[in-house]
Structures are given as structure tokens and as C-alpha cells.
Amino acid sequence: MEQEIRACLDQKRYREAFDLLLVEYRNKVFRLCTSMLGDRAQAEDIAQDVFMRIWKALAGFRGQSSLSTWIYAITRNTCLTAIKTNASKKEVPLEEAGVERAAATVQPAISRTGVDLEALVAQLPEKHRQVLRLYYMEEKSYDEVARLLDLPMGSVKTYLHRARKQLAEAVARSRMEARNC
Amino acid sequence: MACAKFEDLLLGYAELSDAERVRADGHVAGCTACKEFLEALQAVDTNLTAQYSHRVLDANFDHALRRRIRQEIPRQRPSLVPELLDFIGWAGIVALIALWIGPLIHTPVADATQKAARWSAGILVACATFVMAGFWVALRCFADLIH
């Protein structure tokens, strides 16, 4: 598909190239946005911003990097800007905001594990959180997570290892406490 | 807390080789802490997979995006100004060259004075052609810049 898109770009058929690119990358971009922002509605808005940026910059794409690398870089930068804007808008501390947001969005996780998993995920360090979400969204592919977040494979495995360990310990602890009560 | 020695093994349980799995299972069977840790880990995996997998954008996304593109980036029609200037410029140059060469070819030469006068007029027209060509090139460059 990337070759088809590049062929369209070489022939200055930008609209056609954009249509192909949208089909190929829409869900990847959305999942990357979700992993970085946590909130589905905001991820959808930011994914739209990402594709607007891509549309505006498409004629200037010189093919120095692969198309996917270029698209994911735009996505990460757009998400980072959104995260900064979110942080400057909110008066409450980020950790608290994450817990509130998690509590407000996902409830089913509580019933199966005994704890609010999304709230626990929200309390993880930012990189751990992003890697963890993307790992489950991308069908547990380390390679894809590393590519999307532009991280070395070793870092992805380390972050994931720590995040899963932290969550499993919290769940095990919570179950033990429930049994003792 | 799982036993430190087995923690890594349990965290990578799904990817263990047969020999490693037998070793891990053997330990888990006799260690309550590791058993609880493994069960918790599997619960975390199951829940987060259910929660995050198959996340896709809904069908309205493309429609909303295209509407936004239409609103924010109005379709640009290519400008005809440079092409029009090309036409006028070339037409002008051809006309001047015809004006210059035409009399030299068709009019019979009368005497030396007339011949000199004709050559002077020819040089004047050639200079005018050169100046006009220069002016046209400058105008065309300017048109390219702004259109």
C-alpha cells in the first residue's frame, strides 16, 4: 500500500494518495492517540487534527523517511501538544485527573479483577501507560508498539514488564485484602 | 509478592518454552504467592485485552474529516494569469519580429539612403523586441511568484 501511495504522490495525485493513506492508517493513528491521551473522544478529535495536518503537508512530503514513520511522528507531536494543552487547562494535579477520568469512563474492569484497572493504569508513569495500552490494542506486538511510539524494543519490553508487574501486584493485593475482610 | 527468581518467568508466561513452562508450573503448584501473582497477571491480561483490543474509529470519522477539509481548505482553482501572460508575450515578440523582417524581405531596395533608413528602423525594432522580451520575462516571473 505504501508503494501505491508513493506512486500517487510522485504523480501529484494528492487526493487519491490521501484516500489510500486514510484507509491504511486511520485506526493506527487512532490507537496511537488513544494510548497517549487515554480518552476515546479526545483521541478521535486529535486523530482528525492529525489527518488535517497530513493533508496540508502531503504535497511537501519528500520521502526522506517512510510514510508510516512520518505519519506516526505527526501523530505523536499532535498528541504531545494536546497533552500540554490539557495540562495547562487543568487546575487539579495530573495524577488526580487521571484517576477521576478513569473512574468516570470504564467501570466493567472493576467487577472482573476486583480493582479499577483503568484507574491503576492512569496512575502509571506516562511511558509505561502508553506502552501498556498500545500493547493490548496492537494485539501484543512489541514490534508494532516500538514502531508507533518510536522507542527501542528493549525499552518497550522494560516498560511493559514493570507496568504489568505493578498491576498484577495491585490486583493480587486487593484480592488478598478482600479475602481477609 | 511473587518469588523474585520466578517473577520474570511468570511475566513472560505466554511466551515460555515447554521446558520453562514445566519449571514455572512446578514452582507455582507449591508456592501460594506465585500462584496468586500468576492468576492476578492473567486477570490483568484478560481484562486489558477485552478493554483495549479492536479499538477502531467509527464510520462517521471519514465523513467528518472530509467535511472539515472542505471547510478549512477551499479547493483552489489554478490561475490562468501566467498562461495569459505567456500568450501575450509570445504574440508580441512574434509581431515585432514580423515587423522587423517583413520589410527587409518584401520591399525592393531603392537607393543607399533608403537602405540605410530601413536598416536603422530594423535595428530600432530589434531593440524594442529585446526590451519587450526582457519586460515580459520579468512580468512572467512576478506572475509565477504570486500565482
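Start where the two chains of this predicted model meet. Select the contact between them: chain A puts in 30 residues and chain B puts in 25. Now colour the chain A side by helix. Five helices each supply at least two residues to the face that touches chain B: H2 (14-37), H3 (40-57), H6 (108-113), H8 (126-137) and H10 (153-180). Which of them gives the most? Pick H10(A), which leads with nine residues. Switch to colouring by residue class, and that side of chain A splits into 15 nonpolar, five polar and 10 charged residues.

Next, go inside. Select the largest nonpolar core, a set of 59 residues. To find your way around in it, label the residues with the most contacts inside the core: A:Cys33, A:Ala47, A:Val131, A:Val171 and B:Val44. Notice the chain letters on those labels, with B:Val44 listed alongside residues from chain A. Which helix should you highlight here as the top contributor? H2(A) gives the most to this core, with 10 residues.

Keep H2(A) on screen and add H3(A). Their axes lie 8 Å apart, and the helices pack at an angle of about 140 degrees. The pair therefore counts as oblique, since roughly antiparallel would need an angle over 145. Turn the view to look through one helix onto the other: is the crossing left-handed or right-handed? For H2(A) and H3(A), the crossing is right-handed.

Now show the side chains where these two helices touch. On H2(A), pick A:Phe18, A:Leu21, A:Leu22, A:Val29, A:Phe30, A:Cys33, A:Thr34 and A:Leu37. Facing them on H3(A), the contact residues include A:Ala43, A:Ile46, A:Ala47, A:Val50, A:Phe51, A:Ile54 and A:Trp55, as well as A:Arg40 and A:Glu44. Counted by class, this contact has 14 nonpolar, two polar and two charged residues. A:Cys33 and A:Ala47 should look familiar, as both were on the list of core residues with the most contacts.

Finally, zoom out and take the chains one at a time. Show chain A as a cartoon: 10 helices, zero strands. Of its 181 residues, 35% count as buried. Among chain A contacts between residues at least 6 apart in sequence, 56% join residues at least 24 apart.

Then swap to chain B, where the cartoon gives six helices and zero strands. Here buried residues make up 12% of the 147 in the chain. Among the chain B contacts between residues at least 6 apart, 69% link residues at least 24 apart in sequence.

Notes: Residues are numbered from 1 along each chain as its sequence is written. Chains are lettered from A and ligands numbered from 1 in the order in which they are written. This is a predicted model: local features need pLDDT of at least 70, side-chain atom pairs count only at pLDDT 80 or more; totals for chains, interfaces and linings use all residues. Helices (H or I, at least four residues) and strands (E, at least two) are DSSP runs, numbered from the N terminus. A residue is buried if 20 or more other C-beta atoms lie within 10 Å of its own, exposed if 12 or fewer, and partly exposed in between; C-beta atoms are placed from the backbone. Two residues are in contact if their C-beta atoms, placed from the backbone, lie within 7 Å. Ala, Val, Leu, Ile, Met, Phe, Trp, Tyr, Cys and Pro count as nonpolar, Asp, Glu, Lys and Arg as charged, and the others, Gly among them, as polar. A nonpolar core is a set of buried Ala, Val, Leu, Ile, Met, Phe, Trp, Tyr and Cys residues joined through C-beta atoms within 7 Å. Axes are lines fitted to C-alpha atoms, for helices over the stretch in contact, and angles run from 0 to 180 degrees between N-to-C directions. Angles under 35 degrees count as roughly parallel, over 145 as roughly antiparallel, 65 to 115 as roughly perpendicular and the rest as oblique. A crossing is left-handed if the near helix is turned anticlockwise from the far one by less than a right angle, and right-handed if clockwise.
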